[in-house]
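Let's take a walk through this structure together. Keep the picture open while you read, and turn it around as we go.

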There are 2 protein chains.
Amino acid sequence: MNKEDIKGFFATSDQLNMDHYLTLDYYLECVGDIDTALAHFCSEQSTAQWNRVNYDEDFRPKYAAKVISLTVEGELDALSYPVKHSETGPIHACRVRIAHPYGNFGPKLPNLLSAVCGEGVFFTPGVPVVKLLDIGFPDSYLQSFDGPKFGVCGIRDLLQAYNRPIFFGVVKPNIGLSPAHFAEIAYQSWLGGLDIAKDDEMLADVEWSTLIERSRALGEARVRAEQETGEPKVYLANITDEVDRLIEQHDIAVKNGANALLINALPVGLSAVRMLARHSEVPLIGHFPFIAAFSRMEKYGIHSRVMSKLQRLAGLDSIIMPGFGSRMMTPEEEVKENIAECLQEFGHIRPSLPVPGGSDSALTLETVYRKVGSVDFGFVPGRGIFGHPMGPKAGARSIRQAWEAIEQGIPLEAYAIGRPELQVMVDGANGKK
Amino acid sequence: MNKEDIKGFFATSDQLNMDHYLTLDYYLECVGDIDTALAHFCSEQSTAQWNRVNYDEDFRPKYAAKVISLTVEGELDALSYPVKHSETGPIHACRVRIAHPYGNFGPKLPNLLSAVCGEGVFFTPGVPVVKLLDIGFPDSYLQSFDGPKFGVCGIRDLLQAYNRPIFFGVVKPNIGLSPAHFAEIAYQSWLGGLDIAKDDEMLADVEWSTLIERSRALGEARVRAEQETGEPKVYLANITDEVDRLIEQHDIAVKNGANALLINALPVGLSAVRMLARHSEVPLIGHFPFIAAFSRMEKYGIHSRVMSKLQRLAGLDSIIMPGFGSRMMTPEEEVKENIAECLQEFGHIRPSLPVPGGSDSALTLETVYRKVGSVDFGFVPGRGIFGHPMGPKAGARSIRQAWEAIEQGIPLEAYAIGRPELQVMVDGANGKK
């Protein structure tokens, strides 16, 4: 590209009608001339050839992605990760904001993904290292999306649970239980105070525990638990399956008494989530397999924040995500950003309940609550409830006791006295057991 | 986990009925005791808790993933990539093969992905760096999949093109052309000798070029080109869209004369590809957006080979992938592995035509052909045809001339004499123009 060609891929935001553009924030490592690399970066994701040969035309004003801001963070001795590439010259770490005209592809999730993290973005000459950090959407784009049908308020209303976190539990053993045994364990956990007993993300419709049988057993157990406790309860059934079975699986599970559904968002695809969310009669809750494969590297891939935003846009009423602590290998700031993506203002799109998870128990609740900074979150132990030495009812009880301690401002160890369910957890942590 | 617990996650393959297991090859960086880390790695992707509290039962023999081979490659001074993690101790680079019982999830692509590259795999304590290198499938698993309906032979029969590569071209300008102008350019390229004129992966059903109008114009132009040349031609329409529109888009495009369809596999999701492949009346060709985001790091993420294999399993008749040369930032060995994944023996699953692409032209054909090592590939220039100084018909002609030179064993420069379409490409490369 010559100097004149390059100019066609730069603009200031006041030169553009930003209502027609997404704003894309990237971290890039550029090799050689920065402006040339960035012009290629824009051309490759939009108008890679902007006129027919021998025609005096220019598709760039209407269709080109354009750099609207650039911060050169500094020169590097080498790429942050070794990547074979074609260019030579100095290497610069850059933060760039691109205005991408969404009319090139429209309000469709697969086409959006193809534009913002597709071939153009990851195969630009001179830009071997790329991380998509964020996407900004104008209201005109958001208008085409429904977002969550229930959201935080809908889930609270369903459970009649306000001014506190929502207490989930992943029924364990996660793999291998018969539906009858699974239902009995979930029942016990509901009696102990759990709001939502859930299938593991690995457990779906399998021969040894078909969705039909499991949802029937759990639906029936849920009603019994509601009668026993006088409180609404939720069975969260995992209907992750081939996309052409999702609607049928929804219908089976809901008919049998599952009153929320779990879906592994990236494995089925965000577009399938959007389809299902439109159809769903109950809250739809997403789990996070696959996302770490492209979000864990600090300077390469796609930031998990983008996936939280897109999952909310696709219509998930609640988003389970890697939570706090080194166990989940996610920087604390990133967890907080993902929680914020669920709850913050986002056009007309309803808030989604964030569920930061990972090896939680009564002992971690206060830390999670303090870090989240509000009661608008879900708390999702697995073994912390279902591996509790006194059984799942006691496991669930220990979680509610831990919350009572927080509400009353009493240290956990003090509150545990006379409460054996919590006491056994505290003792375990102190190595007494 | 104690020593006895750890044992439950190790086996030799002759202790298992391998017909019930996938084999998963991973590169792992383990922190602390290797056996402990690997036992966790297996438990987290399968039976994270293998008995109910106070029940004498063990779900591991039937449901646990198990290490069946391990090679410790050496001790590292530090992780290959900085990742926050919970364990301490020496760091070892390991190659491990896991036997994973597929009965845990069944022959469903979203559930497979959740198992082999989901939360368990990427969030195991002591294993902060993971790359999924390969998946081996027993025939009993493959039997549930149809794979490509047409495959290499079907595409060759459609085009009546044997003993040579298949010549694709990405119509450019890729974004901004009206359907009428788009059709005229494709028509010219077919006259010049192109087999398949294709939509760019970024161009789908948009207001300024609806699929209805574009497929109608291109279907009509294709028939004219076939009459003019006496050869079968293909218009490859990109129907990438929300998953609940794919079947309708297929029907529209095919009815209007598109006789192959393009789909961005990962953006719609592999499961949507499988659904579409079952329905499709014409060859289904996949493009590669998104894959680089999780496959480019040498030691982290998912190897692109896995995605080639899964795209074939899902039913793509042809797979467009990053090709040779530093422009595409993919090691040559990896490109060859992806080509092999398309063509090699794979149970009853038909071969898929590999299309290694990236900034190709008449000048790169011989190199690609030599590296592929056979005629069973597609060649897919964009600007190399549609940016040709003499126009798209000459651009396509230059590709066919380059193939004639190869067939006849004549150096390109010699063969270009008296053939202006090829000559102008050779001159351009020599800086004469």
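Let's begin where two parts of one chain meet: in chain A, 15 residues of domain 1 are in contact with 16 residues of domain 2. Keep in mind that you're looking at a predicted model. Which elements build the domain 1 side of this meeting place, giving at least two residues each? They are α4 (109-116), β4 (129-136) and α6 (139-142) of chain A. The biggest giver is β4(A), with 7 residues. If you sort the residues on that side of domain 1 by class, you get 11 nonpolar, 1 polar and 3 charged.

So much for the meeting place; now for the domains themselves. The domain assignment of chain A puts domain 1 at residues 3-142 and domain 2 at 151-429. Measure between their C-alpha centres in your viewer, and you should get 38 Å for these two domains of chain A.

Now zoom out to the whole of chain A. Its secondary structure adds up to 20 helices and 13 strands. Along the principal axes, the C-alpha atoms of chain A fill a box of roughly 80 × 45 × 35 Å. How does the radius of gyration of chain A fit with a compact globule? For 433 residues, such a globule would come out near 22 Å, and chain A has 25 Å, which agrees.

What about the inside? Of the 433 residues in chain A, 58% are buried. The chain also brings together residues from far along its sequence: take the contacts between residues at least 6 apart, and 74% of them join residues at least 24 apart.

Next, bring in the partner. Chain B puts 86 residues in contact with 86 residues of chain A. Several elements give two or more residues to the chain B side, among them α3 (60-63), α4 (109-116), α12 (270-279) and α17 (383-386) of chain B. The largest share of that side, 6 residues, comes from α4(B). By class, the side of chain B that touches chain A holds 44 nonpolar, 26 polar and 16 charged residues.

Finally, look for the largest nonpolar core, which has 280 residues. Which of them touch the most other members? Those are Ala186(A), Leu261(A), Ala186(B) and Leu261(B). Try clicking on Ala186(B): leaving aside its neighbours within four places in sequence, Ala186(B) is in contact with Val171(B), Ala197(B), Leu218(B), Ala221(B) and Tyr235(B).

How values were computed. Residues are numbered from 1 along each chain as its sequence is written. Chains are lettered from A and ligands numbered from 1 in the order in which they are written. This is a predicted model: local features need pLDDT of at least 70, side-chain atom pairs count only at pLDDT 80 or more; totals for chains, interfaces and linings use all residues. Helices (H or I, at least four residues) and strands (E, at least two) are DSSP runs, numbered from the N terminus. The radius of gyration is taken over C-alpha atoms; the globule rule is 2.2 Å times the number of residues to the power 0.38. A residue is buried if 20 or more other C-beta atoms lie within 10 Å of its own, exposed if 12 or fewer, and partly exposed in between; C-beta atoms are placed from the backbone. Two residues are in contact if their C-beta atoms, placed from the backbone, lie within 7 Å. Ala, Val, Leu, Ile, Met, Phe, Trp, Tyr, Cys and Pro count as nonpolar, Asp, Glu, Lys and Arg as charged, and the others, Gly among them, as polar. A nonpolar core is a set of buried Ala, Val, Leu, Ile, Met, Phe, Trp, Tyr and Cys residues joined through C-beta atoms within 7 Å. Domain bounds come from an automatic or database domain assignment.
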